[in-house]
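Student: Could you take me through one part of this protein slowly? I would like to see how a single helix sits among its neighbours.

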Amino acid sequence: MTTTPDDVRPAPRTEPLGVTVPSTVPTHWYNLAADLPEPCPPALHPGTREPLTPDDLAPLFPMALIAQEVSTERWVEIPQTVRELYALWRPSPLVRAVRLERALGTPARIYYKYEGVSPVGSHKPNTAVAQAYYNAVEGITKLTTETGAGQWGASLSMACALLGLRCEVWQVRASYDSKPYRRMQMETYGGVCHSSPSELTAAGRAILASDPETTGSLGMAISEAVEAAATDPAAHYALGSVLNHVLLHQSVIGQEALAQLDEIGEGADVVFGCAGGGSNLGGLAFPFLGRNLREGTTTRVVACEPAACPSMTQGEYRYDFGDVAGLTPLLKMHTLGKDFVPPPIHAGGLRYHGMAPMVSHAYELGLMSAIAVEQGDAFAAGIEFARAEGIIPAPESTHAVAGAIAHARAATEPETIVIGLSGNGILDLPAYHQYL
Ligand SMILES: *Cc1c(COP(=O)(O)O)cnc(C)c1O
């Protein structure tokens with residue numbers, strides 16, 4: 001495994017470089033907590049079952065992110081260094097899918113917000129650079145994390161490279177074996193990637209002892225990454241989805257989309273986003289929901305999850321752990337249970353047993369709806385999209401495309417549909433190949 005030797009990795013660098021950032025890159029993140037009719041239930045300490053205190057989280061996260069996790073401020077200023085990094089790929093385009101509309105013969109106008117323009121090809125760098133930044137500012141020199149399909153591991157490895165941090169990633173075994181390009185991407189950025197469960201942590205060894213053939217799960221990989229961070233004072237842990245601060249960072253997607261629609265005099269009737277842990281969906285949809293709550297607009301939001309891992313449409317709404325070993329705080333969320341091992345579907349990024357507490361809460365309040373999409377229908381939609389629009393969507397994103405296509409086909413009146421196209425599928429071509 002090739003890594004960057006520590007002595008050639010530059011010291012963390014967090015100062016702005018003075019580059020000009022387009023005014024269309026948001027200056028603040030939007031926090032839905034400020035506009036919710038009822039507050040989101042708090043995360044609980046796994047031992048005491050009392051609401052978490054900042055001190056409980058301090059071994060894993062920098063104080064700035066802990067503050068964001070519990071914040072109810074509507075707007076949180078984006079540090080200039082992070083805006084400069086965003087400017088490498090933001091604002092992302094909002095594109096009208098006229099060729100897809102024609103192919104479907106729909107009266108609806110379909111737009112897609114395309115996050116595949118980021119360096120790793122998905123929305124995940126939006127939070128990766130912010131998390132790496134706050135950790136670097138607080139003197140942390142290494143981040144650990146888990147990754148499913150590898151998108152998050154690659155995003156955090158890139159962010160760590162840009163900010164001068166080391167990065168260690170536990171990748172779910174099913175993806176580690178089937179998606180070598182993501183590991184190569186992580187290693188190119190200087191990250192170190194292990195197959196999870198691994199022999200490197202107590203949590204991994206315990207899982208392997210009871211089930212040596214396991215295909216792994218995000219819950220297992222999280223246990224390993226959390227353990228590795230908790231036992232190293234120079235390291236913190238970073239989570240790529242689910243938590244409030246992650247959804248906060250992703251709000252740049254929806255804020256830009258709102259502004260881009262306003263500019264052309266459009267209002268969204270319905271927004272479709274794929275839902276794994278809920279971050280791209282929340283990032284796109286929450287600014288629309290916030291406008292609904294504050295200004296009385298009526299944009300509908302549809303979460304599109306895989307039928308093989310249906311936490312919203314089939315799960316229970318209750319407190320559960322984020323990981324298998326029960327090391328994480330208890331989160332009130334729609335969950336299939338922390339021990340749920342989803343089948344190894346191609347949309348690795350959607351294989352998580354739980355849903356973001358904030359998305360779960362919004363769903364429970366009736367602010368959004370959810371559908372489950374079969375893998376075959378998702379790929380068929382991805383191929384239809386690729387042949388009409390040119391972009392090959394990530395397998396995760398095809399779930400949102402499938403939801404939107406079914407909706408557009410049934411439409412009898414003009415309406416405006418927005419698809420969250422969370423990433424491209426260029427490194428997932430073997431999955432398309434198998435489907436074809
Ligand atoms: C990781 C990933 C997802 C799922 O994660 P969310 O937190 O639900 O957004 C969706 N799409 C792509 C392209 C991903 O990489």
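Tutor: Happy to; we will look at helix H2 and then follow one of its partners. This is a predicted model, in which local features need pLDDT of at least 70 and side-chain atom pairs count only at pLDDT 80 or more, while totals for chains, interfaces and linings use all residues. Residues are numbered from 1 along each chain as its sequence is written, and side-chain values use heavy atoms, with hydrogens and water left out.

Let's start with the helix itself. H2 covers residues 63-70, and its buried residues are Leu65, Ile66, Gln68 and Glu69. Buried means under 20% relative accessible area, exposed means over 50%, and partly exposed lies in between (1.4 Å probe, protein chains only). Helices (H or I, at least four residues) and strands (E, at least two) are DSSP runs, numbered from the N terminus.

Where do the buried residues of H2 lie around the axis? They span an arc of only 160 degrees, which puts them on the same side of H2; the arc is that of the directions from the helix axis to the C-beta atoms. An α-helix has 3.6 residues a turn, so residues three or four places apart point the same way.

Next, the cover. Among the elements over the buried residues of H2 are strand S1 (28-30), helix H1 (54-57), strand S2 (75-77), helix H5 (125-137) and helix H11 (244-263).

Let's pick H5 from that list. H2 and H5 pack with their axes 8 Å apart, at an angle of about 130 degrees. Axes are lines fitted to C-alpha atoms, for helices over the stretch in contact, and angles run from 0 to 180 degrees between N-to-C directions. That angle makes H2 oblique to H5, since under 35 degrees counts as roughly parallel, over 145 as roughly antiparallel, 65 to 115 as roughly perpendicular and the rest as oblique. Ala64, Leu65 and Gln68 of H2 make the contact with Gln131, Tyr134 and Asn135 of H5, where contact means heavy atoms within 4.5 Å. Sorted by class, this contact has 3 nonpolar, 3 polar and no charged residues. Here Ala, Val, Leu, Ile, Met, Phe, Trp, Tyr, Cys and Pro count as nonpolar, Asp, Glu, Lys and Arg as charged, and the others, Gly among them, as polar.

Finally, zoom in on Asn135, which is found in helix H5. Asn135 is buried, with a relative accessible area of 0%. Leaving aside neighbours within four places in sequence, Asn135 is in contact with Pro62, Leu65, Ile140, Leu143, Leu165 and His236.
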